[in-house]
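Hi everyone, thanks for making time this morning. Have a look at the structure on the screen, and I'll walk you through it.

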Amino acid sequence: MRNRTALGYQLPAADITPRAQYLRRREWLQGAAGAALAPWLIDPALAQTAGPGKRPALPAVRSALVGAATMDKPTPYEDATTYNNFYEFGTDKSDPARNAGSLKTRPWTVAIEGEVRKPQTLDFDALARIAPMEERIYRLRCVEGWSMVIPWIGWSLAELIRRVEPTGNAKFVQFVTLADRAQMPGLRQPILNWPYTEALRLDEAMHPLTMLAFGMYGETLPNQNGAPLRLVVPWKYGFKSGKSLVKIRFVEKQPKTSWEESAPEEYGFYANVNPRVDHPRWSQATERRIGEGNILLTKRRETLMFNGYESQVGQLYAGMDLKRFF
Ligand code: MTE
């Protein structure tokens, strides 16, 4: 077990609630007012999901944002960190947990470039401090037909976008993952056009639910989940959420994403979760929740329009033919 007091980066001391204090508070709440509630829904301001103690703690407050909590029970940490897609470390679900441990996540910088008035390269520590850390419990739906529920820690990407001041030409935002052959054995396979690149329309990137995540389950991100920072876009298929980001670029023309380049008829630019638009090779109407027991015996649940975030994001696509813009 690592030293839990050593934060992965420095936060002002005043921001940090001593872990013991909030754990005690949590116990009290569970015993008293919260007795009838699911433990992960108690006291939105204080009851951050308690981590398993495998990584440095990352204190956060529960987000007050509409849509940032769900009644669904979070996926067990063990499942969320051993069943992963991170092709830079191999294509088997167990490869990232096995191979990503050696990824060097410090020093780490993120370059902000393109159509912004304030292009800059931010050191990870400075970037993480831009806004207060929030915990948000989002559903993550993979295009392959499985889903998880993850308590992420981070803040709205809009916080960063506002600071770098996009120019009038900025219509799309590109997200680029590290591509280092020395550290990422998967890059030897030409599965995708490396680096892994994803993109959003500027208004999607500005939507408050779109999040830059630095942690999960009360702790910093494990490498296999995209350390030291990744994107999380809860109403889109999981592949839109690029991991281990090194570059965020503002552009005028809709960029091609890695998945679009590899199979344009299967993976569209928008990739909004939509039970009514099937993948050419399988239905998207239902999903299997990871961590609910035996894969073959678990009952599939219905996939929700925009992954359940329709009331928050539906307006972004008003008037669009979602079969065409899949
Ligand atoms: N980001 C990079 N750089 N490389 C990848 O292979 N896989 C995507 C996405 N981000 C991927 C990536 C896919 S397909 C999914 S479903 C999610 O990460 C999985 O995130 P998780 O492993 O944390 O559940």
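**A walk through the model**

Let me start in a loop: Glu165 sits between H5 and S6, where helices (H or I, at least four residues) and strands (E, at least two) are DSSP runs numbered from the N terminus. Glu165 is not a glycine, yet its phi is positive, at about 55°.

Some ground rules before we go on. This is a predicted model, in which local features need pLDDT of at least 70 and side-chain atom pairs count only at pLDDT 80 or more, while totals for chains, interfaces and linings use all residues. Residues are numbered from 1 along each chain as its sequence is written, and side-chain values use heavy atoms, with hydrogens and water left out.

Now, the helix just before that loop. Which strands does helix H5 touch as it packs on the sheet? To answer that, let me lay out the sheet. It is an open sheet of five strands in the order S3-S2-S11-S6-S7, with mixed pairing; two strands pair if DSSP finds at least two bridges between them. Strand S3 (120–123) and strand S7 (197–201) are the edge strands, each pairing on one side only. On average, neighbouring strands here are turned by 15° against each other, direction ignored. And here is the answer: helix H5 (residues 157–164) packs on this sheet and touches strand S2 (109–114), S3, S6 and S11, contact meaning heavy atoms within 4.5 Å. The direction of H5 makes about 60° with that of S11; axes are lines fitted to C-alpha atoms, for helices over the stretch in contact, and angles run from 0 to 180 degrees between N-to-C directions.

Let's zoom in on two of the pairings. Strand S6 (residues 172–177) and strand S11 (residues 245–251) are antiparallel, with six bridges, and Gln174 faces Arg249 in S11. S2 and S3 are also paired in the antiparallel sense, over four bridges. They make a hairpin with five residues in between, and Ala111 stands opposite Thr121 in S3.

If you like backbone oddities, there are two cis peptide bonds to show you. One joins Trp194 and Pro195, with omega about -5°, and Pro195 lies in the loop between S6 and S7. Another joins Ala227 and Pro228, with omega about 0°; Pro228 lies in the loop between strand S9 (219–220) and strand S10 (230–232).

Outside that five-strand sheet, have a look at S12. Strand S5 (residues 146–156) and strand S12 (residues 286–289) run parallel, joined by two bridges, and Trp146 has Arg288 in S12 as its bridge partner. Two bridges also join S12 to strand S13 (residues 301–302), this time antiparallel, with Thr286 partnered by Glu302 in S13.

Next, the ligand. How many residues surround it? The count is 16, and the closest are Asn84, Tyr87, Glu88, Arg230 and Lys243; a residue is near if one of its heavy atoms lies within 4 Å. By class, this shell has six nonpolar, seven polar and three charged residues. Here Ala, Val, Leu, Ile, Met, Phe, Trp, Tyr, Cys and Pro count as nonpolar, Asp, Glu, Lys and Arg as charged, and the others, Gly among them, as polar.

Three polar contacts deserve a pointer; for the ligand, that term means a pair of N or O atoms within 3.5 Å. A polar side-chain atom of Asn84 is 2.8 Å from a ligand oxygen. For Tyr87, a backbone N or O atom lies 2.7 Å from an oxygen atom of the ligand. In Asn225, a side-chain N or O atom is 3.1 Å from a ligand oxygen. The protein covers 98% of the 540 Å² of accessible area that the ligand has on its own, by the Shrake-Rupley method with a 1.4 Å probe.

One last stop: Leu322, in the segment after helix H8 (310–313). Leaving out residues up to four places away in sequence, Leu322 touches Asn274, Val277, Met305, Phe306 and Tyr317. Leu322 and Asn274 are 48 residues apart along the chain, with their C-alpha atoms separated by 8.5 Å.

How values were computed. A polar contact is a pair of N or O atoms within 3.5 Å; within protein, one must be able to donate a hydrogen and the other to accept it, and residues adjacent in sequence count only if both atoms are side-chain atoms.
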